[in-house]
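Please walk through this protein chain with the model open beside the text. The route runs from single strands out to the whole chain.

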Amino acid sequence: MNRIFFRFFLLVMLSITAATFVIYFAMSRLFGDPLEDIARRQAAAQIFLLEQYVDKAPTDEWLERLNKVREVSGVKLDLIPLNQARSLLEGAQLGALDRGDVVLDADSKAFFRRVDLTGHKYIGSEVDVIHAQDLPIDVGLALEMEAVRYVIVALALLIPILMWSRSHWNGLQALSKVADDFGAGDLSARARMQPSASIYPLAERIDHMAARIEGLLDAQRNLVHSVSHELRTPIARLEFALELLRGAAGDPALEGRIAAMEGDLHELNTLVGELLSMTRLDSPQALQPETFDLAQALEGCRDSLDPGGPAPAFGPLDGLGEVTGDRRLLARAICNVMRNAQKYAQGRVELAARRLGDGSIAIMVDDDGPGIPLDERDKIFEPFYRLDRSRDRATGGFGLGLSIAQKALALHGGAIAVAESPLGGARFVMTLPAQG
């Protein structure tokens with residue numbers, strides 16, 4: 001929140017500073033230097049005495065009044081030759097001096113003005129210039145006053161910006177939590193902000209999007225679940241009918257076809273079971289946690305593997321200790337990965353597990369099969385995805401085992417990734433987080 005606030009506040013202050021400089025240069029170009037205008041206002045009293053008191057004197061009293069002003073004023077007033085005055089000025093100041101204007105030199109705290117353009121004041125007055133010095137000019141004070149105004153404006157902006165930033169930040173934090181909860185599987189998570197909130201339009205759209213996604217996923221889940229259940233009944237009837245057919249036919253020629261049909265039904269029944277397992281993993285009540293010995297659970301996977309495939313070699317499992325989670329789901333995830341390794345291994349499957357320094361657990365399954373291309377390593381965890389359909393038809397499976405394993409590990413806060421194995425095939429790395 002502080003970062004957003006200071007960035008926004010800094011942006012506003014930089015904008016105000018830039019606008020100040022732009023205004024200064026624009027005013028200087030159009031109306032003259034504002035600092036000179038400030039200096040002229042500070043020297044206004046001395047200029048007023050010269051123009052309204054000394055200049056209004058009759059010709060024979062002009063010098064007398066000038067001397068009186070010298071006596072009562074702290075400003076030093078001298079008469080200097082015109083050529084000397086011109087040597088002290090430059091550019092537009094020379095033109096103003098020649099016109100008889102008061103020429104202010106704020107840096108020197110002085111001004112110049114010709115006594116007379118026609119020589120009427122006294123003999124030679126057309127070549128004399130009044131040089132006033134030690135004028136009460138303090139541009140630095142004026143700049144300090146502007147700085148104080150700038151600070152006051154900054155502080156005045158600080159409070160509303162802070163309030164706006166805090167409100168905006170709280171709204172963003174609420175949206176971030178909704179996104180995290182929704183991504184973690186809580187499809188009912190919503191922002192539900194008040195219409196007065198600064199990001200209410202965005203929150204409203206996110207809520208609508210979340211509701212639509214929830215509806216679509218619920219519809220998909222219900223459809224898969226309903227279809228899977230509905231398929232169970234005709235599958236059971238077909239299995240019963242095939243049993244009756246085998247008993248009634250008594251024809252050895254039909255035995256092969258009946259056996260093939262029973263194999264297809266078994267495959268279909270297995271697919272329905274896998275689909276039901278997938279839908280159950282999407283349920284918030286999918287986990288049934290308990291504390292169990294992980295090494296024993298890994299050893300238990302041996303019995304569920306294909307006895308005709310390569311026998312897996314287990315590395316040391318000491319030191320894994322106990323974990324808390326759904327034993328059935330975790331065991332199924334690990335067994336699915338091992339069965340997948342058995343399918344494609346040419347002769348070697350290895351399992352190793354160890355507890356890492358941060359308390360997390362890494363379980364690695366290696367095989368010496370053909371491996372998985374780099375650009376497809378993320379896709380293999382998608383339901384029904386197969387790298388080589390012809391190969392998968394020979395090896396069996398529906399492309400759901402790895403997807404179920406990923407979902408089961410994710411429910412426990414873990415993850416699964418695939419890399420290249422030292423054996424030459426694929427290495428699946430399953431991680432479980434440290435438990436407090």
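Side chains alternate along strand E7, residues 322-325. Val-323 and Gly-325 point to one face and are buried. Glu-322 and Thr-324 point to the other face and are not buried. The model is predicted, so read every position here as computed.

Strand E7 has a partner. Strand E5, residues 290-293, runs antiparallel to E7, and four bridges join the two. Within this pairing, Phe-292 has Val-323 of E7 as its bridge partner. Val-323 is also one of the residues on the buried face of E7.

Now turn to strand E9, which spans residues 361-367. Asp-367 lies in this strand. Is Asp-367 buried or exposed? Its relative accessibility is 3%, and buried means under 20%, so Asp-367 counts as buried. Which residues does Asp-367 touch, leaving aside those up to four places away in sequence? One group is Ala-341, Ala-345, Arg-348 and Val-349. The other is Ser-421, Leu-423, Gly-424, Gly-425 and Ala-426.

Next comes a sheet. Four strands form an open sheet in the order E1-E4-E3-E2, with antiparallel pairing. Its edges are strand E1 (76-81) and strand E2 (103-105), each of which pairs on one side only. From one strand to the next, the twist averages 25 degrees. Inside the order, E3 sits beside E4. Strand E3 covers residues 110-114 and strand E4 covers residues 128-133. Four bridges join these two antiparallel strands. Phe-112 has His-131 in E4 as its bridge partner.

Helices pack too. Helix H2 (residues 34-42) meets helix H3 (residues 44-54) at an angle of about 65 degrees. Their axes are 5 Å apart. H2 contributes Arg-40, Arg-41 and Gln-42 to the contact. H3 contributes Ala-44, Gln-46 and Ile-47. By class, the contact residues divide into two nonpolar, two polar and two charged.

Finally, step back to the whole chain. How many helices and strands does the protein chain have? There are 13 helices and eleven strands. The chain has 436 residues, and 34% of them are buried. Among contacts with a separation of 6 or more, 62% join residues 24 or more positions apart. The accessible surface comes to about 25,700 Å². Carbon and sulfur atoms account for 57% of that surface.

Technical notes: Residues numbered from 1 in each chain as written. Predicted model: local features only at pLDDT ≥ 70, side-chain atom pairs only at ≥ 80, totals over all residues. Heavy atoms only, no water. Axes fitted to C-alpha atoms, helices over the stretch in contact; angles between N-to-C directions. Contact = heavy atoms within 4.5 Å. Nonpolar A, V, L, I, M, F, W, Y, C, P; charged D, E, K, R; others polar. Buried < 20%, exposed > 50% of the residue type's maximum accessible area, 1.4 Å probe, protein only. Areas by Shrake-Rupley, 256 points an atom, 1.4 Å probe, with all protein chains shown as cover. Pairing = 2+ DSSP bridges.
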